[in-house]
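The following paragraphs walk through a structure, turning to its pocket and then to its cysteines. Please keep the sequence and the coordinates at hand while reading.

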Amino acid sequence: MCIFCKIIAGEIPSGKVYEDETVYAFRDINPQAPTHILVVPKTHIGSVAEINADNSAVVAHIFEVIAQIAREEGLGNGYRVVSNCGADARQSVQHLHFHILGGRELTEQMA
C-alpha cells in the first residue's frame, strides 16, 4: 500500500482539506507555495499515464473539487495545478495526485 493510500485510510495523519466518496485532499507537508494542497483519488491510479475510459470520470470529478478548493482557499487571483508523471518528471509517489499551488504570484518557470 502506497503512502497516499495509507493517508486516505487514516493510517497516516494529514491536514485534510476535503473528502468525499472518491476524492481526498490534504495539505502538502513540504509546501512549495503558501497554499499547497494535494488532491488524490481514493482509488489507486498510478499516474496520469494510467487514466483511461474506466477511471476518467474520477479525474473529471477531481478537477471539480480542485476548483471548489481553490475558491474556498481564496485563490481567486490564480493558482497552478500540477501532476508529475513518471521518473523523469520526479513523480515521488506512484499514486495519481494533483498539486494546487497558490497564495502568491508564481514564477513562469515550469522546468
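In this predicted model, the largest pocket has a volume of about 520 Å³. Its lining is made up of 28 residues, and those that lie nearest the centre of the pocket are Asp28, Asn30, Gln32, His36 and His99. Several elements of secondary structure give two or more residues to this lining, namely the helix α1 (3–8) together with the strands β2 (23–27), β3 (35–41), β4 (79–82) and β5 (98–102). Of these, α1 gives the most, with three residues. When the residues of the lining are divided by chemical character, 13 are nonpolar, ten are polar and five are charged.

The cysteines can be considered next, beginning with how they might be paired. A disulfide is a covalent bond between the sulfur atoms of two cysteines. The structure holds zero disulfides, and Cys5 accordingly is in none, the nearest cysteine sulfur being that of Cys2, 3.6 Å away. Because a disulfide is counted here for sulfur atoms within 2.5 Å, the distance of 3.6 Å between the sulfurs of Cys5 and Cys2 does not qualify. As for its surroundings, Cys5 is buried, with a relative accessible area of 16%.

Why does Cys85 form no bond with the closest cysteine sulfur? The closest cysteine sulfur to that of Cys85 belongs to Cys2, and because the two are 15 Å apart, they are too far from each other for a bond. Cys85 is partly exposed, with a relative accessible area of 34%, whereas Cys5, at 16%, is buried.

Terms used. Residues are numbered from 1 along each chain as its sequence is written. This is a predicted model: local features need pLDDT of at least 70, side-chain atom pairs count only at pLDDT 80 or more; totals for chains, interfaces and linings use all residues. Side-chain values use heavy atoms; hydrogens and water are left out. On a 1 Å grid over the protein atoms alone, a cavity is a set of points where a 1.4 Å probe fits but cannot get out, and a pocket is an open set with protein on both sides within 12 Å along at least five of seven lines; lining residues have an atom within 4 Å of a point. Grid points are joined across faces, edges and corners, and a volume is the space filled by probe spheres set on the points. Helices (H or I, at least four residues) and strands (E, at least two) are DSSP runs, numbered from the N terminus. Ala, Val, Leu, Ile, Met, Phe, Trp, Tyr, Cys and Pro count as nonpolar, Asp, Glu, Lys and Arg as charged, and the others, Gly among them, as polar. Buried means under 20% relative accessible area, exposed over 50%, partly exposed in between (1.4 Å probe, protein chains only).
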